Amino acid sequence: MPAKKKIIKKEAEQEVKEEVVVEAAEPVAEEPVVEETPIEETMPQPRRSVAFIGSECYPFVKTGGLGDVMYALPKALIRQNCDVKVILPRYACIKEQFQEKMVYVGAFDMDLCSDGRSFYVGIMEYVWDGVVYDFIDNEEFFSWGKPYTNLVDDIPKFCYFAKAALAALNYMNWTPDIIHCHDWQAALVPVFQRAFFADTPVGRAKSILTIHNLRFQGIYNIPTFKYWTNLPEYMFDYSVMKQGYEDANMLKGGLACCDMITTVSNTYAGEIQTPFFGENLDAHLRYHSGKLYGIVNGIDCDIWDANTDKLLPANYTAANVIEQKKKNKLELQKAFGLEEDENKMVIGLISRLTNQKGLDLITQIFHQVIDGNTQFVLLGTGDGEYEDAFRSYENTYKGTVCSNIMYDEGRAHQIYAASDALLVPSLFEPCGLTQLIAMRYGTVPIVRETGGLKDTVEPYNEFENTGNGFTFDRYEAWLLLDAINRAKTLYFENRKGWDEMVVRDMEKDVSWEVSAKQYRNLYLQLRP
Ligand code: ADP
Ligand code: GLC
């Protein structure tokens, strides 16, 4: 068993508003437990090659679940006999420990703009755990302290990135069977591929575009896009990129041009075809529904393993979770200035603080959740109004509520391990990873039945003693309160039933195994 580290102390600096993003790797991620790659013959045949293209990837840069998926899915695909290269921007904010290990592959100039302006494209490579990471290097675009700033800068940045990624594949003379693009930042890849690369080697690859969050699309005025892409007029047709009267939409264009669309849960795949969840693209998605599939996310079970997690005061498995969780809880209470009492129910919340995450439901009922037996721990950054609300709760309920307004991987691990329950009452949730991590750490999720939350958390059934968590359907605060109260009732009045659910959650398969096979099947469908 690894040496145990002391839990991170609550620091005064946590009061300071921090940037949402740019936390790169915690030391723990440097040496994940590597599962042995199966020998060739046991692998499913045939072998397929895939280029992942996206804007973030743990541990280099992560702002949310996209970063987790860009790291964990390639690793899982390797076990499905896929040859994977991940193409990412080389942001200046990537920690030195990674930058210094990157190896220069080559560089060239690439035409981009309508006035003939061309840009430097450098390729820096880093191989880790069987996955090849190729970083697109250009200081003009990627020298900011964080990956995303504002659309004025981000639109040119990701126009450049999408084209550079394709050009880099040709430069490296590596033509994958599949180009797998992620979210709006990589959505122009299939558009550029059709417009400019059709007669080049990379033009032979089939393309998949995965929607991790339809809310973000990369919309800006057409003249700006025309300047930064030099794309032909037909790409600005209403059926491709045009939106409204004068705008173009990167995601919309990618969805039109790619060979296949996926999103990160089956329920979300259906939801986004309706006006409420469709973010103005529901008609476009219904039109392209013949090539749309939903595959639920998993999590990396090496990084998220309570038995080997070096950041936990007490490691555990399903066999000793009940006792060991109490130790983690007591350490967390001590470190976070909460009353030290293993009998209190600790409810956690680890989230970007935006309206997607259902925080207005929580603020409506917060005072009814806190009682003499319940503590609340938040870890998150985001909108000022929510940050202020949670700061004020901590002031009101000193010793009972702790609001960590920050982004901190280490604290996330400790809160997952120490909490009894985790709230995810989202307004919409394409998949959601926090409920999966919670279950893997024996923490009971309390979720709204939407998107991936609906697909991954089976509601508790008190008659059959089945299920993994507590759920509610309509987006109403009193229904969230009711779900929390149902959880409290089980916790305080039927601890045996609660503990059995904790063990069930730890034993649930939340790995990438099944979903990686489904992705592989889609790759084979496109490239038999
Ligand atoms: P989203 O991508 O919409 O933010 P997900 O549930 O898919 O939501 O993924 C969130 C990921 O970010 C999880 O790995 C979660 O642990 C992590 N995370 C969110 N907020 C924080 C934070 N403040 N500190 C550390 N990790 C965080
Ligand atoms: C997005 C979604 C989240 C999903 C993640 C990874 O950020 O908001 O629900 O889990 O992408 O796919």
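## A backbone detail and how to read the model

Asparagine 230 sits in the loop between α6 (222-229) and β9 (242-243). Helices here are DSSP runs of H or I with at least four residues, strands are E runs of at least two, and both are numbered from the N terminus. Asparagine 230 has a phi near 55°, a positive value in a residue other than glycine.

This is a predicted model, in which local features need pLDDT of at least 70 and side-chain atom pairs count only at pLDDT 80 or more, while totals for chains, interfaces and linings use all residues; side-chain values use heavy atoms, with hydrogens and water left out. Residues are numbered from 1 along each chain as its sequence is written, while chains are lettered from A and ligands numbered from 1 in the order in which they are written.

## Two cis prolines

Two peptide bonds deserve a look if you are preparing the backbone. The bond joining glutamine 45 and proline 46 is cis, with omega about 0°, and proline 46 belongs to the segment before β1 (48-53). A second cis bond runs from tyrosine 58 to proline 59, again with omega near 0°. Proline 59 is in the loop between β1 and α1.

## The nine-stranded sheet

Strand β1 leads us to an open sheet of nine strands with mixed pairing, in the order β3-β4-β5-β2-β1-β6-β7-β11-β12. Two strands are said to pair if DSSP finds at least two bridges between them. At the edges are β3 (103-111) and β12 (292-294), each of which pairs on one side only. On average, neighbouring strands of this sheet are turned by 25° against each other, direction ignored. (Such angles are taken between lines fitted to C-alpha atoms, for helices over the stretch in contact, and run from 0 to 180 degrees between N-to-C directions.)

Edge strand β3 pairs with β4 (residues 118-128) in the antiparallel sense, over eight bridges. Here tyrosine 104 stands opposite methionine 124 in β4.

## The six-stranded sheet

An open sheet of six strands follows the order β15-β14-β13-β16-β17-β18, and its pairing is parallel. Its edge strands are β15 (401-404) and β18 (470-472), with each pairing on one side only. From one strand to the next, the twist averages 15°.

Within this sheet, take β13 (residues 345-350) and β14 (residues 374-379), which pair in the parallel sense over six bridges. Isoleucine 350 has leucine 379 as its bridge partner in β14.

## Ligand 1

Which residues are closest to ligand 1? They are Gly65, Arg352, Lys357, Tyr416 and Leu433, out of 21 that surround the ligand; a residue is near a molecule or strand if one of its heavy atoms lies within 4 Å of it. Helices α1 (65-78), α13 (409-418) and α14 (434-440) each supply at least two residues of this shell. By class, the shell holds eight nonpolar, seven polar and six charged residues. In this scheme Ala, Val, Leu, Ile, Met, Phe, Trp, Tyr, Cys and Pro are nonpolar, Asp, Glu, Lys and Arg are charged, and the others, Gly among them, are polar.

Now for polar contacts (pairs of N or O atoms within 3.5 Å; within protein, one must be able to donate a hydrogen and the other to accept it, and residues adjacent in sequence count only if both atoms are side-chain atoms). A side-chain N or O atom of lysine 62 is 3.0 Å from an oxygen atom of ligand 1. On the nitrogen side, a polar backbone atom of methionine 406 is 2.9 Å from a nitrogen atom of the ligand, and a backbone N or O atom of aspartate 408 lies 3.0 Å from a nitrogen atom of it. Taken alone, ligand 1 exposes 570 Å², and the protein buries 93% of that. Accessible areas come from the Shrake-Rupley method with a 1.4 Å probe; for residues, only the protein chains shown count as cover.

Why does ligand 1 lie between domain 1 and domain 2? Both domain 1 (48-298 + 515-526) and domain 2 (321-507) give residues to its shell, so the ligand lies between them. The domain bounds come from an automatic or database domain assignment.

## Ligand 2

Ligand 2 is surrounded by 14 residues, with His212, Asn297, Glu429, Cys431 and Gly432 the closest. The shell divides into six nonpolar, six polar and two charged residues. Both domain 1 and domain 2 give residues to this shell, so ligand 2 lies between them.

Oxygen atoms of ligand 2 take part in several contacts. One is 2.5 Å from a polar side-chain atom of glutamate 429, and one is 2.8 Å from a backbone N or O atom of glycine 432. Asparagine 213 has a side-chain N or O atom 3.4 Å from an oxygen atom of the ligand. Ligand 2 exposes 310 Å² when taken alone, of which the protein buries 93%.
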